[in-house]
Amino acid sequence: MSLMFSLHQLGWRPEYAQHLTLDDFEAGYPARVAAVHRGGLDLLSSRGPGSAVVPRHVEADAGIAAGDWVLVEHEADRVIRLLDRQSLLVRMAAGADHRRQSIAANLDALFIVTSCNDDFNASRLERYLALAFDASVTPVLVLTKADLCADVGGYVSLAERLAPSVPVVALDATHPESVEQLSPWLSPGKTVAFVGSSGVGKSTLANSVIGDVVQRTRDIREDDARGRHTTTAREMFATASGAWVIDTPGMRELRLGTAAPDLGAVFDDVEQYAMQCRFRDCLHEDDAGCAVARAVAEGALDARRLENYRKLQREAAHVQRSVREEREHGRQFGKLVREAVRTKRKRLER
Ligand SMILES: Nc1nc2c(ncn2[C@@H]2O[C@H](COP(=O)(O)OP(=O)(O)OP(=O)(O)O)[C@@H](O)[C@H]2O)c(=O)[nH]1
Ligand SMILES: [Mg+2]
Ligand SMILES: [Zn+2]
């Protein structure tokens, strides 16, 4: 496979250059980020594959991600600027620190992958759907291992109930003909990312649409080893059809990284009921005039779904708090620096 691509083939859109000046264009050239390493970026551009380092002052909020566009200095392998993003998936990093982490940028669609088995979890899928809608990326629910399942239809209808407008595709990720079902989202220049738990078949699917084995997949013999992560980095590849796919490591948990996620896109039913609650600031906890609680009691709304909605709301409030704290911390630090400079100046004046 040739590794030379035009900007157009790489998915370039004029919007990415919105804030670039003539000077910028003279100083560097646009390149797409294929992978992010500790030491720098793997890039694809009209000059072919390359790499570049990222100076400290260029670093973006939550970090540069696969799929991002950057401006690279001529002859210097150094990033000048991160270009405007059309979309960005962000999550809270796993672990105790409240860091936000970019998953992938400039996507046209998100393949949310789960299997027709015990991995299927409605609340987790709702989380992924919220991630996609919040970034204005079209989600597709991809149900793998259909070939190993006796009740594929059952899983499909469960998936269809999660969000009415979202396409659901059940397939055998190991079978190229079956994977053809994803072709509507894989036209030339389009970019799609695979997300989901470890072992659901993201890399298998990536290999199938790429038309080559470029990603290592879990050995059949280790198939039951849960929580094992075969893929360890996020990386972008060209498919046989001329689209781009970003394979990602399986996530143990997904905590949304936005302070005010658009939950209404996934939980439209909940929000419709909420508009009929007696109090505008109803917490839907006890049923004093609460239309949401009533809908649950009457069986019109799934209690699990409501619980998940509220959990995501609580988490968003938490993100809001930590963003505010970060900002406050930044302000206080700035104040300290200014004071230190002032004191020093005074001392020098004396
Ligand atoms: N029969 C069958 N096997 C599948 C299917 N999808 C994936 N597998 C198998 O499931 C195992 C795990 O697949 P991977 O592609 O490595 O899973 P992954 O989602 O990339 O996992 P991580 O990289 O750990 O996140 C492999 O042995 C695949 O061959 C499918 O649709 N049908
Ligand atoms: Mg993988
Ligand atoms: Zn209510």
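How far does a polar side-chain atom of Thr 231 lie from an oxygen atom of ligand 1? The distance is 2.8 Å, with the caveat that this is a predicted model. Thr 231 also turns up as a donor to the magnesium ion (ligand 2), so let's start there and then move on to the zinc site and strand 8.

**Ligand 1**
- There are 26 residues around ligand 1, and the closest are Asp 147, Ala 173, Ser 198, Thr 204 and Thr 231.
- Thr 204 puts a polar side-chain atom 2.5 Å from an oxygen atom of ligand 1.
- Lys 202 joins in too: an N or O atom in its side chain sits 2.8 Å from an oxygen atom of ligand 1.

**Magnesium ion (ligand 2)**
- On the protein side, the magnesium ion (ligand 2) gets its donors from Ser 203 (OG) and Thr 231 (OG1), at 2.0 to 2.1 Å.
- Ser 203 belongs to helix 5 (residues 202-210), while Thr 231 is in the loop between helix 5 and strand 12 (235-238), so this pair ties together parts that are 28 residues apart in sequence.
- Ser 203 has a relative accessible area of 7%, so it counts as buried.
- Thr 231 is buried as well, its relative accessible area being 12%.

**Zinc ion (ligand 3)**
- Four side chains coordinate the zinc ion (ligand 3) at 2.1 to 2.4 Å: Cys 277 (SG), Cys 282 (SG), His 284 (ND1) and Cys 290 (SG).
- The site is tetrahedral, and the angles among its 4 donor atoms run from 106 to 115 degrees.
- For reference, the ideal angle for four tetrahedral donors is 109.5 degrees.
- If you want to spot the donors in the sequence, look for the spacing C-x4-C-x1-H-x5-C.
- Among these donors, Cys 277 and His 284 are both buried.

**Strand 8 and its partners**
- Strand 8 (residues 109-115) is mostly covered, with 7 of its 7 residues buried.
- In a regular strand, side chains alternate between the two faces of the sheet.
- Here one side carries Ala 109, Phe 111, Val 113 and Ser 115, the other carries Leu 110, Ile 112 and Thr 114, and all of them are buried.
- Strand 9 (residues 138-144) runs parallel to strand 8, joined to it by 7 bridges.
- To get from strand 8 to strand 9, the chain passes through helix 2 (residues 122-134), making a right-handed β-α-β crossover.
- Within that pairing, Leu 110 stands opposite Pro 139 of strand 9.
- Strand 11 (residues 191-195) is also parallel to strand 8, with 4 bridges between them.
- Ile 112 has Val 195 as its bridge partner in strand 11.

Key:
Residues numbered from 1 in each chain as written. Chains lettered and ligands numbered in written order. Predicted model: local features only at pLDDT ≥ 70, side-chain atom pairs only at ≥ 80, totals over all residues. Heavy atoms only, no water. Buried < 20%, exposed > 50% of the residue type's maximum accessible area, 1.4 Å probe, protein only. Helix = DSSP H or I, 4+ residues; strand = E, 2+ residues; numbered from the N terminus. Pairing = 2+ DSSP bridges. Right-handed = clockwise from strand over helix to strand, strands pointing away. Donors = N, O, S within 2.8 Å, 3.2 Å for Na, K, Ca; no water. Tetrahedral: all angles 85-135°; square planar, octahedral: opposite > 155°, others 65-115°. Near = heavy atom within 4 Å. Polar contact = N/O pair within 3.5 Å; in protein donor to acceptor, adjacent residues only side chain to side chain.
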